[in-house]
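User: Please take a close look at one loop in this model, then work outwards from there to the sheets and helices. I'd like it as one connected story, in plain language.

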Amino acid sequence: AGELVPDDVIISMVKDRLAEEDVQKNGWLLDGFPRTGVQAQALADAGVEPDVVLLLEVPDEELITRVCGRRTDPVTGKIYHTKYDPPPAGEIAERCTQRSDDTEEKAKNRLTYYYNNLEALKSAYASKMVKIDGNQSKTAVGAAIMGAYGGAPPAAASGKNTIISGAPASGKGTQCEAIVENHGLVHISTGDMLRAAVKAGTEAGVAAKKYMDAGELVPDDVIISMVKDRLAEEDVQKNGWLLDGFPRTGVQAQALADAGVEPDVVLLLEVPDEELITRVCGRRTDPVTGKIYHTKYDPPPAGEIAERCTQRSDDTEEKAKNRLTYYYNNLEALKSAYASKMVKIDGNQSKTAVGAAIMGAYGGAPPAAASGKNTIISGAPASGKGTQCEAIVENHGLVHISTGDMLRAAVKAGTEAGVAAKKYMDAGELVPD
């Protein structure tokens, strides 16, 4: 290997795909193409012009770390990372494999090729290119990308004490992780505190367990005392706080106010009841790793893990409905208490879209939708294009066209193009066009 296969191999594949009915109807998201000025010109000659070009920028050292740590489970197809998202120990970890081109030497070869062609791409799409810092959380990258589709990137939340509210299973936990990752607030979950007390068998834990087992919420005075103590600790005083699941009643909100605790923003996640019930009843927990799965949306891997997963005693339809009744009985009092600070968020959309709306609540207007905006997403290998493509497709319905996926399918099928491409992939070079 050393010579590149002529441009027309990939360009022909891409042109054919762009002409298909689904792409013509919904718009397209080109992933990893074009990579050179020649390819960009070939697209222009074919009358293919993007509305926006997203360039993900990540430092080389981080790119190498991302590439070399990737592992794939050949049974489920799930991709893990030895540093950022390790596979569960045991059977799954043992069967995971590393792609032949995911070594440091081959990654550096691909980076050299990428940088040799980057300036020509920047020149070709100067008026349409939006540079995105890809070396931040997935949620923050996603929000910046959504901003590129018509809205200004939202302001940071740093220092903004926050209450996040919503019915059980409205997605508070997921969004709390993103807020903590992006803004450094200290996550205070009354649910986590109570479950820890139950597990430890403390006096408060024993008292709380009977209510939790009955699908009822724990009395105010038990939780208020725990929360006040936590808010007084040094890390919270220094970094600010994110209260999750508290207050839930007007009495609790007043107790916080009496203690001098006032939020800067209150996020209310709104999700239809039917969806909430589905989310609750399908939750399963792996007692070994602590990872939470869902029987419908994110099933545990078949076999050992699926068999050991458990369901919380209060995650039944009857108990979920009890908690919803309690939630709605107190909702108006909460809305009244925080009328001037409450931002309502549609929680019945993708995690990325919810995250972007939340970031918008911290000072920036929620970004406009991308619908119909033909997009090129570019960046070095492992810059996060695949992850963000999933979110763009989910949020905006564009058709994802990945030259990498097309080529790997050709290699697997042993087609003429696939056989030609494989020698370059094995050599750690970018597959020629």
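Analyst:
**A loop, and what lies around it**

Ala-169 sits in the loop that runs between β6 (162-166) and α8 (172-183). Helices and strands here are DSSP runs numbered from the N terminus (helices H or I, at least four residues; strands E, at least two). Bear in mind that this is a predicted model, where local features need pLDDT of at least 70 and side-chain atom pairs count only at pLDDT 80 or more, while totals for chains, interfaces and linings use all residues. Residues are numbered from 1 along each chain as its sequence is written, and side-chain values use heavy atoms, with hydrogens and water left out.

What is unusual about the backbone here? Most residues other than glycine have a negative phi, and most peptide bonds are trans. Ala-169 has a phi near 75 degrees, which is positive even though the residue isn't glycine. Ala-169 counts as buried because its relative accessibility is 14%; the cut-offs are under 20% relative accessible area for buried and over 50% for exposed, with partly exposed in between (1.4 Å probe, protein chains only).

Now the sheet that β6 belongs to. It is an open one of five strands, ordered β7-β8-β6-β9-β12, with parallel pairing; two strands pair if DSSP finds at least two bridges between them. At the edges are β7 (186-189) and β12 (342-346), each pairing on one side only. From one strand to the next, the twist averages 20 degrees. β6 and β8 run parallel and are joined by three bridges, and Ile-163 has Leu-243 as its bridge partner in β8. On the other side of our loop, α8 packs on this sheet and touches β6, β7, β8 and β9 (265-270), its direction making about 175 degrees with that of β8. Angles run from 0 to 180 degrees between N-to-C directions, with axes fitted as lines to C-alpha atoms (for helices, over the stretch in contact); contact means heavy atoms within 4.5 Å.

Follow the chain on from β8 (241-244) and you meet Pro-247, in the loop between that strand and α13. A cis peptide bond, omega about 0 degrees, links Phe-246 to Pro-247.

That loop leads to α13 (residues 250-258), which packs against α11 (residues 220-231) at an angle of about 30 degrees, the axes lying 11 Å apart. So α11 is roughly parallel to α13, a label for angles under 35 degrees (over 145 is roughly antiparallel, 65 to 115 roughly perpendicular, and the rest oblique). From α11, the residues Asp-220, Ile-224, Val-227, Lys-228 and Leu-231 meet Val-251, Gln-252, Ala-255 and Leu-256 of α13. Sorted by class, that contact holds six nonpolar, one polar and two charged residues. Here Ala, Val, Leu, Ile, Met, Phe, Trp, Tyr, Cys and Pro are nonpolar, Asp, Glu, Lys and Arg are charged, and the others, Gly among them, are polar.

Ala-169 has a counterpart elsewhere in the chain. Ala-382 has a positive phi near 75 degrees, again in a residue other than glycine, and lies in the loop between β13 and α18 (385-396). Ala-382 is buried, at 16% relative accessible area.

β13 takes us to an open five-stranded sheet with the order β5-β2-β13-β1-β14 and parallel pairing. Its edges are β5 and β14 (399-402), each with a single partner strand, so one side of each has no neighbour in the sheet. The strand-to-strand twist averages 20 degrees.

Inside that sheet, five of the six residues of β2 (residues 52-57) are buried, leaving the strand mostly covered. Five bridges tie β2 to β13 (residues 375-379) in parallel, with Val-52 matched to Thr-375. Towards β5 (residues 129-133), β2 makes five bridges, and these strands run parallel; Glu-57 has Asp-133 as its bridge partner. Near the other edge, β1 (residues 28-31) and β14 run parallel with four bridges, and Trp-28 is partnered by Val-399. Helix α19 (residues 403-413) lies across β1 and β14, at about 60 degrees to β14.
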